[in-house]
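I sat down with this chain today and kept notes as I went. Here is what I looked up, entry by entry.

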Amino acid sequence: VSELQKIGQCSTARPDVDFADTPKRNATPCGQQIHNALEGILKSAHAEYKKNRISIRENQPEDKPPQKGPGGRKGHLTYRRIVPTKAGKVIRVKRRIKCPRHKDKVLVTTDKKAEHTIIDLAFTRSGCRKIITKYVGTICYCNQCGLNYPPPAIGRLKNRLYGHCFRAWAVYQRISLRMPHKAILQVIYDLFREQVSDGSLVFFISGMAKYYTSTEKRLLKKILASPFIHADETKINIRGTDHYVWVLTDGVHVIFRLTETRESTLVQEMVKGYKGVLITDFYAAYDACECRQQKCLVHLIRDLNDDLWKNPFNSELEGFVGAVKELLVPIMADVDRYGLKRRHLHKHQHTVDRFFKNVIDDREYKCEVIQTYQKRFIRYRESLFRFLSEDGIPWNNNMAERAIRHLAIQRKISGSFFKRVAEYYLLLLGIAQTCRFQGKSFLAFLLSKEKDIDDFKEKRRPKATKLIGKHAEGRDEIGR
């Protein structure tokens, strides 16, 4: 018993004792210094790389034959929406003057009335409330056609019960707050006493995506005009088949694309003729893109650090990683001090050349791990340190990972999507992430009906809190 107690008390210091659940990470004193330096560089990048996967599956076949007639499928219950009879606001719209088929024919006014009710949300500074608006207009008759024509304003509202703000609020719950469909429907009923079907929610998402199609095209145009583009991809599963989601961002604008394979053909077409720098990880498919590239050093540093932890007593690997550390630490110190300025970083190019001459070129290593890294350094010699010779080029791919992380979290909440719904979702997610990168509210953008995020200016929000005590006085002194 005494011996076991000694083992428990000295377990962290004794090299011959290890833990089954959390094994020790052994390293020599020199290796520990290397780990501390590399982990410091990774921490400065503010990135937590996680290999998350998405599981998007479908419960029903996508290509089903069109349903004939109103109502649900055979054997399913059928419902008809009860339109509210009372409206808080009545709007009288202008009648149609001329026949749409016969442009010169003036329509005859009838005694019949056309009505259409819209359920919407009104947002104020203190919250939101449900409003019901009824549009009323005169139906006109064409003697030549023999047809009745409702007012144009009511014709545009055909088959639409919920207004833009109502649909925007539901889309915001799904895209930004990651709420499952059933939870959104429950919240809609609890707050507004509206029973919305799951199909209606899908219709909200698809309709909003079609409305903002031009917005996504504008985002892509601005991304291709930027001096650098971050690119990344992640795997998803649709009906048992692997698909891939690609993200392109310049740190301000974001777009997503869905492909059936991991081939970079889509990215190659999108960046064809691009004059800037493409920032990616070490996935070999990006090498086919015909533009200047910068490889993410975070991935390289993390791989080196992990392999050194796995081989703590490999002196040859320790020396190799130590040489990489000696190369990168001064560079990152100048990046933190001066930023991504060529005039301060280009001096390190001589150090890089000396590193390749002494450590990489014409060197023979016995360790297979080092041989793998040696090939990587030789293959990506130009794209590893391009940020030293060009202004404003990031040395990591964190922006793409930040943009795609929302998608990785969403899969844990709900992984059931049709392929067409996934495409609509990705379009809206790109707009939501663009708003997030620009510090703007995605909900406010949807409610404004604007289509250009850069031109959209959010209304100033009222202050709900203020600093008190000594902290407030310190802020006042700083302000003065």
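**Overall make-up**

I began with the secondary structure and found 18 helices and nine strands in the chain. Helices here are DSSP runs of H or I with at least four residues, strands are runs of E with at least two, and both are numbered from the N terminus. A note to self: this is a predicted model, where local features need pLDDT of at least 70, side-chain atom pairs count only at pLDDT 80 or more, and totals for chains, interfaces and linings use all residues. Residues are numbered from 1 along each chain as its sequence is written, and side-chain values use heavy atoms, with hydrogens and water left out.

Next I looked up burial: 43% of the 480 residues of the chain count as buried. Buried means under 20% relative accessible area, exposed over 50%, and partly exposed in between, with a 1.4 Å probe and protein chains only. The chain exposes about 28,400 Å², and carbon and sulfur atoms supply 50% of that area; the method is Shrake-Rupley with a 1.4 Å probe.

I also checked the contacts (heavy atoms within 4.5 Å). Among those with a separation of 6 or more, 65% are between residues 24 or more positions apart.

**The β2–β3 hairpin**

How many bridges join β2 and β3? I found 14, in the antiparallel sense, between β2 (residues 108–124) and β3 (residues 127–142). For pairing, DSSP has to find at least two bridges between the strands. The two strands form a hairpin with two residues between them. On β2, I noted I118, which stands opposite T133 in β3.

**Two positive phi values**

Most residues other than glycine have a negative phi, and I went looking for exceptions. R178 has a positive phi of about 60°. This arginine lies in the loop between α4 (164–175) and α5 (181–192), and its 23% relative accessibility is why I list R178 as partly exposed.

D362 is another case, with phi near 55°. I placed D362 in the loop between α12 (349–360) and α13 (368–379). D362 counts as exposed because its relative accessibility is 81%.

**Two buried residues**

Is V335 buried or exposed? At 11% relative accessibility, V335 counts as buried. V335 sits in helix α10 (residues 315–338) and, leaving aside residues up to four places away in sequence, touches L340, L345, F387 and W395. I also looked at L388, 53 residues from V335 along the chain, and the C-alpha atoms of the two are separated by 9.7 Å.

Then I turned to Y244 in strand β6 (residues 241–249). Its relative accessibility is 14%, so Y244 counts as buried. Beyond residues up to four places away in sequence, Y244 touches several others, including I236, R257, L258 and R262. Y244 and E233 are 11 residues apart in sequence and 6.6 Å apart in space, C-alpha to C-alpha.

**A cavity**

My last search, over the whole structure, gave two cavities of 30 Å³ or more. A cavity is a set of points on a 1 Å grid over the protein atoms alone where a 1.4 Å probe fits but cannot get out, and lining residues have an atom within 4 Å of a point. I opened the second largest, with a volume of about 30 Å³, the volume being the space filled by probe spheres set on the points. Its lining is T215, R218, L219, K222, K451, D452, I453 and D454.

Conventions
On a 1 Å grid over the protein atoms alone, a cavity is a set of points where a 1.4 Å probe fits but cannot get out, and a pocket is an open set with protein on both sides within 12 Å along at least five of seven lines; lining residues have an atom within 4 Å of a point.
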